[in-house]
Amino acid sequence: MTRFFQPAIALGFVLVLLALLAVSLAPPGSPLGQVALWPGDKASHIAAFYALTALSMAVFPRAHLLILCLGLGLLGAGIEYGQGFVGREVSVRDMIANFIGMLIALLPVAMHSLRLALKVRRAGEARS
């Protein structure tokens, strides 16, 4: 089942990444430069990086989560830096919103890992 969905998820990741780059690096007066997922710039940042993080965990299942987040964080910083060259505002708040989107995507994974760790711990205590 996983092999069937893996190419579709990878395609989704690439499409979201390309759309994010196109919208983020478009000049402010262009039609692409005015696209927003929701009213409010920060909500769009959160949603975009939530999607990228969730998809990247599925596309790169063996990658360490810290490495994925570091890569996505560098992507977000690079986008913000690149916006300075197309006449858009470079914003630390946008990078914080990107980080929040990543955290929201990672929260269920962290909770599941914690649950598994506690389950293993309890099983070890029961044997003692």
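## Exercises on a predicted helical model

Asn98 has its place in helix α4, and the exercises below, which concern a predicted model, begin from that residue.

**Exercise 1.** Determine whether Asn98 is buried or exposed, and which residues surround it.

*Solution.* Begin with the accessibility: the relative accessible area of Asn98 is 4%, and because buried means under 20%, Asn98 counts as buried. Next, look for a polar partner of the side chain, which is found in the side chain of His45, at a distance of 2.8 Å. Finally, set aside the neighbours within four places in sequence; the residues then in contact with Asn98 are His45, Phe49 and Gly76.

**Exercise 2.** Compare the end-to-end distance of helix α4 with the span expected at 1.5 Å a residue, and locate the kink in α4.

*Solution.* Helix α4 covers residues 92–127, that is 36 residues. The expected span is 1.5 Å times one less than the number of residues, so α4 should span 52 Å, and the 51 Å between its end C-alpha atoms agrees with this. The helix nevertheless carries a kink of about 35 degrees at Leu106, shortly before the proline Pro108. At the start of α4, a side-chain oxygen of Ser91 comes to within 3.1 Å of the backbone nitrogen of Arg93.

**Exercise 3.** State which residues of α4 are buried and which helices they pack against.

*Solution.* The buried residues of α4 are Asp94, Ala97, Asn98, Gly101, Met102, Ala105 and Leu106, and the kink position Leu106 is thus one of the buried residues. The packing partners of these buried residues are α2 (41–59) and α3 (65–83).

**Exercise 4.** Describe the largest nonpolar core and say which element gives the most to it.

*Solution.* Count the members first: the core has 14 residues, and those with the most contacts inside it are Leu20, Phe49, Leu52, Met57, Leu72 and Met102. Then assign the members to elements, whereupon α1, α2, α3 and α4 each turn out to give two or more residues, with α2 giving the most, namely five. Leu20 illustrates the contacts at one of these positions, since, residues up to four places away in sequence not being counted, Leu20 touches Ala48, Phe49, Leu52 and Ile79.

**Exercise 5.** Characterise the surroundings of Ser56 in terms of burial, polar partner and contacts.

*Solution.* Ser56 lies in helix α2 and is buried, its relative accessible area being 2%. A polar atom of the Ser56 side chain lies 2.9 Å from the backbone oxygen of Thr53. Without residues up to four places away in sequence, Ser56 touches Phe13, Leu68 and Leu72, and Leu72 is among the core residues with the most contacts.

**Exercise 6.** Find how many aromatic pairs the structure holds, and describe the geometry and accessibility of each.

*Solution.* There are two aromatic pairs. In one of them, Phe13 and Phe60 are arranged edge-to-face, with 5.9 Å from centre to centre and 90 degrees between the planes. This pair links distant parts of the chain, as Phe13 belongs to helix α1 (residues 2–24) and Phe60 to the loop between α2 and α3, 47 residues apart. Phe13 is buried at a relative accessible area of 12%, whereas Phe60, at 40%, counts as partly exposed. Tyr81 and Phe85 also form an edge-to-face pair, with 5.2 Å between the centres and 75 degrees between the planes. Here Tyr81 counts as exposed at 58% relative accessibility, and Phe85 counts as exposed at 64%.

Note on methods:
Residues are numbered from 1 along each chain as its sequence is written. This is a predicted model: local features need pLDDT of at least 70, side-chain atom pairs count only at pLDDT 80 or more; totals for chains, interfaces and linings use all residues. Side-chain values use heavy atoms; hydrogens and water are left out. Helices (H or I, at least four residues) and strands (E, at least two) are DSSP runs, numbered from the N terminus. The bend at a residue is the angle between axes fitted to the seven residues ending there and the seven starting there. Buried means under 20% relative accessible area, exposed over 50%, partly exposed in between (1.4 Å probe, protein chains only). Contact means heavy atoms within 4.5 Å. A polar contact is a pair of N or O atoms within 3.5 Å; within protein, one must be able to donate a hydrogen and the other to accept it, and residues adjacent in sequence count only if both atoms are side-chain atoms. Rings of Phe, Tyr and Trp (its six-membered ring) pair if their centres lie within 6.5 Å; planes under 30 degrees apart count as stacked, over 60 as edge-to-face and the rest as tilted. A nonpolar core is a set of buried Ala, Val, Leu, Ile, Met, Phe, Trp, Tyr and Cys residues joined through side-chain atoms within 4.5 Å.
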